[in-house]
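Hi,

Here is the structure I promised to pass on. Have a look at it first, and then read on for what turned up in it.

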Amino acid sequence: MAAAGCLAANDWICGEYVRSRAQELTDATVQHVWITAVSVLVGLAVAFPLALLVRARPGFAGPVLGLTTVLYAIPSLAMFSLLLPFFGLSAALVVTGLVLYSLTILVRNILAGLVAVPQEAREAARGMGYGPLRLLWEVELPLALPAVMAGVRMATVSTVALTTVGALVDYGGLGTLITAGLKSFFKAQVLTASVLCVVLAVTADLLLLGVQRLLTPWTRVPGARARGTG
């Protein structure tokens with residue numbers, strides 16, 4: 001009776017709300033994850049060639065980095081309004097806005113990683129007959145991976161938060177539930193959806209950190225081995 005009564009009492013913490021709205025929460029979470037994942041992947045696909053362009057043609061650094069910074073500074077409401085004539089009220093509208101927001105982080109981190117590759121490594125690879133593409137994929141990109149993955153982690157966590165703004169056009173995942181709950185002052189819905197957003201951000205960051213550690217084993221501190229030989 002106490003659990004069921006929390007809905008009528010409009011409590012912030014309510015197990016009955018979670019049980020009775022489990023499908024709604026699941027659907028919103030899946031949409032949130034889908035929009036975040038697609039936005040970050042498309043952002044990477046756009047940011048990578050931009051970073052390569054800036055690295056190859058330093059004269060483009062100012063315009064490219066300046067434009068991505070300006071895009072990130074545009075308020076979300078204004079961004080979606082500017083994109084609305086092109087995409088209408090759709091998930092593509094939200095994804096496109098999130099991709100544009102992610103570029104300022106991704107382009108800078110990819111570029112920083114590539115620039116930090118030691119010149120000696122490049123020269124050694126060229127001496128072994130590596131062409132530009134092979135040099136990029138087998139030498140430069142692996143060495144730049146820590147910086148790239150750091151950018152992906154930051155962009156992903158940022159996108160999880162920004163996805164909630166998609167509630168403006170009813171494609172905000174958990175943000176749609178938060179907005180609806182705020183309008184009706186439905187406490188349990190607001191708190192539950194907000195907590196799920198935080199859990200998604202933390203989980204995504206930890207998963208990507210694990211992927212980063214798997215892909216860059218040379219960055220781990222060999223503390224155990226050092227203690228074993230001491």
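Before anything else, one definition: a helix here is a DSSP run of at least four residues, and helices are numbered from the N terminus. Also keep in mind that this is a predicted model.

**Salt bridges**

Let's start with helix H2, which covers residues 15-20. Arg-19 and Glu-16 sit three residues apart in it, so about one helical turn separates them. Their side chains meet in a salt bridge, at 3.3 Å from N to O. Is Arg-19 buried or exposed? Arg-19 is exposed, because its relative accessible area is 54%. Its partner Glu-16 has a relative accessible area of 23%, so Glu-16 is partly exposed.

You can find a similar arrangement in helix H7 (residues 119-127), where Glu-123 and Arg-126 are three residues apart and therefore separated by about one helical turn. The side chains of Glu-123 and Arg-126 form a salt bridge too, with 3.3 Å from N to O. Glu-123 is partly exposed at 44% relative accessible area, and Arg-126 is also partly exposed, at 42%.

Now try one that reaches across the chain. Which side chain meets Arg-153 in a salt bridge? That would be Asp-205, at 2.9 Å from N to O. This pair links distant parts of the chain: Arg-153 belongs to helix H8 (residues 132-163) and Asp-205 to helix H10, with their positions 52 residues apart. Asp-205 is partly exposed, because its relative accessibility is 22% and the partly exposed range runs between the 20% cut-off for buried and the 50% cut-off for exposed.

There is also a network of salt bridges, which links Arg-55, Arg-122 and Glu-140. How many salt bridges does the structure hold? The count is seven.

**H8 and H10 again**

Two other spots involve these helices. Gln-212 is in helix H10 and counts as buried, because its relative accessibility is 13%, and buried means under 20%. What does Gln-212 touch, if you leave out residues up to four places away in sequence? It touches Pro-146, Met-149, Ala-150 and Arg-153. You have met Arg-153 already, as the salt-bridge partner of Asp-205.

Then there is Ala-161 in helix H8. Ala-161 is partly exposed, with a relative accessible area of 47%. Ala-161 and Ala-201 are 40 residues apart in sequence, and their C-alpha atoms are 7.6 Å apart in space.

**How H3 and H9 cross**

Two packed helices are described by the angle between their axes and the distance between the axes. For helix H3 (residues 22-56) and helix H9 (residues 174-184), the axes come within 7 Å and cross at roughly 125 degrees. H3 and H9 are therefore oblique to each other. On the H3 side, the contact is made by Glu-24, Leu-25, Ala-28, Thr-29 and His-32, and on the H9 side by Leu-174, Gly-175 and Leu-177.

**A nonpolar patch**

On the surface, look for Trp-12, Ile-13, Phe-185, Leu-191, Val-195 and Val-199, which make a nonpolar patch of about 590 Å². Leu-191 is in helix H10, which spans residues 187-215. It is partly exposed, with a relative accessible area of 31%. Phe-185, another member of the patch, is in the loop between H9 and H10.

**Positive phi values**

Most residues other than glycine have a negative phi. Which way does Phe-185 go, positive or negative? Its phi is positive, near 55 degrees. Asp-170 also has a positive phi, near 70 degrees, and you will find Asp-170 in the loop between H8 and H9.

**One last distance**

Finally, try locating Leu-82 in helix H5 (residues 76-87). Leu-82 is exposed, with a relative accessible area of 53%. Its C-alpha atom and that of Gly-181 are separated by 27 Å, and the two residues are 99 residues apart along the chain.

Have fun turning it around on screen!

Cheers

Definitions and conventions:
Residues are numbered from 1 along each chain as its sequence is written. This is a predicted model: local features need pLDDT of at least 70, side-chain atom pairs count only at pLDDT 80 or more; totals for chains, interfaces and linings use all residues. Side-chain values use heavy atoms; hydrogens and water are left out. Patches are made of residues with over 30% relative accessible area and no salt bridge: like charges are joined within 9 Å, nonpolar side chains (Val, Leu, Ile, Met, Phe, Trp, Tyr) within 5 Å. Accessible areas come from the Shrake-Rupley method with a 1.4 Å probe; for residues, only the protein chains shown count as cover. A salt bridge is a side-chain nitrogen of Lys or Arg within 4 Å of a carboxyl oxygen of Asp or Glu. Buried means under 20% relative accessible area, exposed over 50%, partly exposed in between (1.4 Å probe, protein chains only). Axes are lines fitted to C-alpha atoms, for helices over the stretch in contact, and angles run from 0 to 180 degrees between N-to-C directions. Angles under 35 degrees count as roughly parallel, over 145 as roughly antiparallel, 65 to 115 as roughly perpendicular and the rest as oblique. Contact means heavy atoms within 4.5 Å.
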